[in-house]
Amino acid sequence: MDKKIAIIGYGELGRAVHKILEKKKDLSIGIWDKKDRENKLSGIISSAEVIFVCVPSWCVREALENIKKYLSEKTLVVCLSKGIEERTLKTVDLVLGEVLGLKQPLAILSGPMLAEELMSGKNGFAALASKNKKDFSVISDIFSGTNLKTEYSKDMKGVALCGVLKNIYALGLGICDGLNLGSNAKGKLAGEAVKEMAEIVKYLGGKKESVLSEAGLSDLIATAFSSFSRNREVGEELAKTGVCCLESEGFKSVNSMAKLLGKKAGKLPFFNTLKLIILENQKPKDVFKNIL
């Protein structure tokens, strides 16, 4: 009997997940996007065994509220969003638990999963963070034989934070590209990013080991060095023009992360530099001198 899957959100990532899974003969896949009717949502969710939430971080709470009333208590909800809720300063793991309740099977899937590469058949890699390893077995089975490879983590907080931080620091490394500082400087700053990520994750309640997982270092490298990366592109544009016309998770997350860190932000040179650029409109070429 086919396993029933639902994909909520059909942007680039939602389409990529669908592309990966549609080749598997033992899956029945339903898709819902905001342009679809409510009755279609109820039909998809009420029969789904696993739901992949593939919406931007600022839409996560609304998406979860929409599906909540149709969920079975056994349905596994897997969130692929990477960000901080601006109003509450809550990471994705907290929003999941608050809206759906901690008895609901919940997981976060995060790692180097550039949608363009997944769509073209190239491999992607992700950490599946859940309190219950049985959830990992379910997801591992769903993606077995596909081009998305998964590893298990029980550190939902750390994996959620890594998803935010890698976007922020990838934006910073994009600024390095835009300033034409060279690969040596970018390599140096990538190392600083990893150190600061570990410090922040530990400070905010995650396990710093998660920074060396698929969700942390692997995703940072992919995001900071790929021509497909929106966050890297935003950083490059900021450096070249002084303004940002594109919307990215990293850009939106800097303010929220700065609030979460408080005075701690001033003790993190790379993050503080990005804070000065994005929140205080200082010129990238001026403030980047201080960290090189």
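Biologist: By class, how many nonpolar, polar and charged residues does the lining of the largest pocket have?

Modeller: This is a predicted model, so read every value as computed from it. The general idea comes first. Rolling a probe the size of a water molecule over the atoms shows where empty space is left. Here, the lining of the largest pocket has 15 nonpolar, 12 charged and 10 polar residues.

Biologist: What volume does the largest pocket have, and which residues are closest to its centre?

Modeller: The space in the largest pocket is about 1200 Å³. Its lining counts 37 residues. Closest to the centre are Glu12, Leu13, Val55, Pro56 and Glu249.

Biologist: Which helices each supply at least two residues of that lining?

Modeller: Helix H1 (12-21), helix H3 (60-68), helix H5 (115-119), helix H7 (156-178), H9 and helix H10 (230-241) do.

Biologist: What is the volume of the second largest pocket, and which residues are closest to its centre?

Modeller: The second largest pocket has about 280 Å³. It is lined by 14 residues; Leu102, Gln104, Leu106, Lys131 and Met156 are the closest to its centre. By class, the lining splits into 5 nonpolar, 4 polar and 5 charged residues.

Biologist: Which helix gives the largest share of that lining?

Modeller: H4 does, with 3 residues. Helix H4 (92-100) and H7 each supply at least two. H7 also supplies at least two residues to the lining of the largest pocket.

Biologist: Now the sheet. What is the order of its strands, and is it open or closed?

Modeller: Again, the idea first. Strands of a sheet pair through backbone hydrogen bonds, either parallel or antiparallel. This sheet is open, with 7 strands in the order S2-S1-S3-S4-S7-S8-S9 and mixed pairing. Strand S2 (27-32) and strand S9 (148-153) are the edges, each pairing on one side only. On average, neighbouring strands are turned by 25 degrees against each other, direction ignored.

Biologist: Do S4 and S7 pair in the parallel or the antiparallel sense, and which residue stands opposite Val78?

Modeller: Strand S4 (residues 76-79) and strand S7 (residues 106-110) are parallel, over 3 bridges. Opposite Val78 stands Ala107 in S7.

Biologist: Which strands do helices H6 and H9 touch where they pack on the sheet?

Modeller: Helix H6 (residues 133-143) touches strand S1 (3-8), S2, strand S3 (50-53), S4, S7, strand S8 (124-129) and S9. The direction of H6 makes about 175 degrees with that of S9. Helix H9 (residues 214-225) touches S7, S8 and S9. The direction of H9 makes about 155 degrees with that of S8.

Methods. Residues numbered from 1 in each chain as written. Predicted model: local features only at pLDDT ≥ 70, side-chain atom pairs only at ≥ 80, totals over all residues. Heavy atoms only, no water. Pairing = 2+ DSSP bridges. Helix = DSSP H or I, 4+ residues; strand = E, 2+ residues; numbered from the N terminus. Axes fitted to C-alpha atoms, helices over the stretch in contact; angles between N-to-C directions. Contact = heavy atoms within 4.5 Å. 1 Å grid on protein atoms, 1.4 Å probe; cavity = no way out; pocket = protein on both sides within 12 Å on 5 of 7 lines; lining within 4 Å. Points joined across faces, edges and corners; volume = space filled by probe spheres on them. Nonpolar A, V, L, I, M, F, W, Y, C, P; charged D, E, K, R; others polar.
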